[in-house]
Amino acid sequence: MLFRSPSSAPRLATLSSSLGPHGLHVLLDHPSQVHTLQAIHKLSGVPLSISIKIEMGSNRSGVLASSQLFKELIAALVPLLGDGGACKLAGLYSHAGHSYAGSDPATAISLLNDELRALLDATHILRSLAPSTPLTLSVGATPTTTAVYNLLHPSSSASATETTALTALQATIAEVKGADARIELHAGVYPLLDMQQLATHARPHSQLSTDSIALTILAEVASIYPDRGTGEALVTAGSIALGREKCKSYHGWGVVSPWGAVKGEGWIVGGVSQEHGVLKWTGEGRGDGIEVGARVRVWPNHACIAGTGFGWYLVVDGGDEVVDVWVRWRGW
């Protein structure tokens, strides 16, 4: 959890009290956030676990390890560490969100190596400023996390670029082990996947395909427009349900799965308004066969955003029977 504002302290203190010592784990990336950390500890009386978020290319959040701010952050934390202190330093954290722009395994592997190198550099600086403790280097966005498969199961047909990237990654991992640190991979959206992640090709299509996408949005056909181009239809899922992020592998906001009333592939959500989406046919011939009242399942571009629009998920297991209902956690 990354601090968003000091006003979060009372709520986090309650959570920390319920979890016990070091049960609440928070991320810091600026010296001023240490005051919030102290406030949480004062309200709860329970020490926290912390990681420092390191900026390594995405420019979303995090502190540069080479900056003066990083040194100031460590200096502010040191008095709070140790037995009886407000917190313990668990490690360093990074997220290569820009890895979504990749299109092949070599790029994903290289960016995973970049994540580890950034945290390894920060580790060396940290060791010179604070008491030495074992650290967890937590890395990963879905493309870089899935790239580990290529390390464990190298392809016999890997390109020269991919082989070079794997060699560099192996060398970095050896350095991490030698620095009294361990590696943690956070999975990102990997448990669900989405069209955006498949487009990175961090793993071959034979290993990750639309069959691997766990989250689909169920929508109903509200109207049909057979005279528009090769066929269009209006469905009850627009930007509120699907988000507004497009995907580099096709021009649309979601792909209709071949399920129920839809046979074969070719329908995409080619346009969105707030409440509705417009299905457009991209296959051969005309897009016939969809009727008003039919239901379609849409693979979203970005499961993280699409998932926030729903209070619960209906879980199906291998078919159409609902076997469980998962209530979504709120509050972030």
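How far apart should the ends of the 12-residue helix α2 (residues 33–44) be, and how far apart are its end C-alpha atoms? In this predicted model, a rise of 1.5 Å a residue leads to an expected span of 16 Å for helix α2, and the end C-alpha atoms lie 17 Å apart, which agrees. Helix α2 therefore makes a convenient place to begin a tour of the structure, since its span is as expected.

The buried residues of α2 are Q33, V34, T36, L37, I40 and S44. These residues lie on the same side of α2, because the arc they cover around the axis is only 160°. On the other side of the helix, H35, K42 and L43 are exposed. The cover over the buried residues of α2 includes two helices, α1 (9–19) and α3 (68–77), along with the strands β1 (25–28), β2 (48–53) and β3 (87–93). Just after the helix comes G45, which takes a positive phi of about 70°.

One of the buried residues of α2, L37, leads on to the interior of the model. The largest nonpolar core holds 47 residues, and the members that touch the most other members are L37, I52 and L77. Helix α4 (residues 105–127) gives this core its largest share, eight residues. Apart from this core lies another one, of 21 residues, with V221, L279, A294 and V298 among them.

What does L77 touch, once its neighbours within four places in sequence are left aside? The contacts of L77 are L28, V34, L37, I50, I52 and C87. Two of these partners, V34 and L37, are also among the buried residues of α2.

A further residue worth a visit is I74, found in helix α3. I74 has a relative accessible area of 2%, so it counts as buried, the cut-off being under 20%. Not counting residues up to four places away in sequence, I74 touches I52, L126, L129 and A130. In contrast to these contacts, D324 is 250 residues from I74 in sequence and 46 Å away in space, C-alpha to C-alpha.

Strand β1, part of the cover over α2, contains L27. Is L27 buried or exposed? L27 is buried, because its relative accessible area is 9%, under the 20% limit. L27 and G91 are separated by 64 residues in sequence, while their C-alpha atoms are 9.7 Å apart in space.

Elsewhere in the chain, S239 has its place in helix α9 (residues 239–242). At 15% relative accessibility, S239 falls under the 20% limit and so counts as buried. When residues up to four places away in sequence are not counted, S239 touches R244, V272, S273 and Q274.

The packing also leaves some enclosed space to look at. How many cavities of 30 Å³ or more does the model hold? The count comes to one cavity, and the largest cavity has a volume of about 70 Å³. Its lining consists of T142, P143, T146, L193, Q197, L198, T200, H201, A202, R203 and L208. Helices α5 (142–146) and α8 (195–198) each supply at least two residues of this lining, and the largest share, three residues, comes from α5.

Technical notes
Residues numbered from 1 in each chain as written. Predicted model: local features only at pLDDT ≥ 70, side-chain atom pairs only at ≥ 80, totals over all residues. Heavy atoms only, no water. Helix = DSSP H or I, 4+ residues; strand = E, 2+ residues; numbered from the N terminus. Buried < 20%, exposed > 50% of the residue type's maximum accessible area, 1.4 Å probe, protein only. Contact = heavy atoms within 4.5 Å. Core = buried A, V, L, I, M, F, W, Y, C linked by side-chain atoms within 4.5 Å. Expected span 1.5 Å × (residues − 1). Arc of directions from axis to C-beta. 1 Å grid on protein atoms, 1.4 Å probe; cavity = no way out; pocket = protein on both sides within 12 Å on 5 of 7 lines; lining within 4 Å. Points joined across faces, edges and corners; volume = space filled by probe spheres on them.
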